[in-house]
Amino acid sequence: SLLQEKKMPKKKTGQRKKADKMKLRQKEIAGRRDHMAIVEKPCNFSMECDKCQRRQKNRAFCYFCQSVQKLPVCAECGKQKCMMKSGDCIIKHVGTYTVGMQMVGAICDFCEAWVCHGRKCLQSHACACVLRDAECIECERSVLDHGGRCFTCSFCFKILCEDDQFEHQASCQVVEQENLKCLSCNRHGQYSCLRCKICFCEDHVRRKGVKYEKNQAMPCPKCGYETAETKAMSMSTRNHNFGRQQQNYAEDDGDDDGDHDDGDDSTNLLSAKTSPDT
């Protein structure tokens, strides 16, 4: 009969359920790694030097005293101890765990951090290092020129050093023009590009011959970066700190007003003496 031919599926054991959950968890971690923020990358971890006790970015050598750290952290996978579970270690250490200098395999030329001796980390980190072209947009310093961590601006998503992080974000929502109008038609700019610092209206933000997805952010027609609504981002315009209206002459010299008053009184007296009525 059909009922006899059908076999019931085997009941999963506790060990099998645990292994399936671990696989799903590993898939989630691998998917998150591509969309991880720059501050969560192991090569941009915060590190405290063992010798001088100064906090800095994860490095192979201290930025200030050039000392080697006792417990290096891999710039790709972020581990401090190699347990050889993956099996791709170039230096085999069967039955023993490696820490310190026994775990490292190379130093990245871009982020100056240790890379472990795993084959996957050594082959993939240098090409995909997030600090490869990390140059601060404000001070134009690279990772080699400052000891702090690197961040990205939450508005224009450009690289910032630790010194200029808050100063740049406070002034990033400023449009490089004197009003919030579209440059093409002089109408109100409903969309703003935070990289180009330009406003666009509803018509000129769309390019001819380009299909746009529904319910998605409009890309900038100049650079392709996602635009934001001007009213939602509290955009402000450029202002000038020079000119006749910005200077206060009254506070420069307090005696000038008195001198001018005396001069005005003397001119009034002279005009009164030379008038024909007197």
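## Asp145 and the negative patch

D145 is placed in the loop that runs between α3 (119-124) and β7 (150-152). This is a predicted model. D145 has a relative accessible area of 43% and is therefore partly exposed, since that class covers values from 20% to 50%.

On the surface, D145 belongs to a patch of negative charge. The other residues gathered there are D133, E135 and E140.

## His146 and Arg149 in the α3–β7 loop

H146 is also in the loop between α3 and β7. Its relative accessibility is 5%, so H146 counts as buried, the limit being under 20%. A polar atom of the H146 side chain lies 3.4 Å from the backbone nitrogen of G148.

R149 is found in the loop between α3 and β7 as well. R149 is buried but has no salt bridge. For R149, the nearest side chain of opposite charge is that of E162, at 6.0 Å; a salt bridge would need a side-chain nitrogen within 4 Å of a carboxyl oxygen. The R149 side chain does reach a backbone oxygen, that of V39, at 3.1 Å.

## Phe61 and the nonpolar patch

F61 sits in the loop between β2 (55-57) and β3 (81-82). With a relative accessible area of 36%, F61 is partly exposed. That value is over the 30% that a patch residue needs.

F61 forms a nonpolar surface patch with V68, M101 and I107. Together these four residues have about 340 Å² of accessible area.

How values were computed:
Residues numbered from 1 in each chain as written. Predicted model: local features only at pLDDT ≥ 70, side-chain atom pairs only at ≥ 80, totals over all residues. Heavy atoms only, no water. Patch = residues over 30% accessible without salt bridge, like charges linked within 9 Å, V, L, I, M, F, W, Y side chains within 5 Å. Areas by Shrake-Rupley, 256 points an atom, 1.4 Å probe, with all protein chains shown as cover. Lys, Arg positive; Asp, Glu negative; His and termini not counted. Charge placed at Lys NZ, Arg CZ, Asp CG, Glu CD. Helix = DSSP H or I, 4+ residues; strand = E, 2+ residues; numbered from the N terminus. Buried < 20%, exposed > 50% of the residue type's maximum accessible area, 1.4 Å probe, protein only. Polar contact = N/O pair within 3.5 Å; in protein donor to acceptor, adjacent residues only side chain to side chain.
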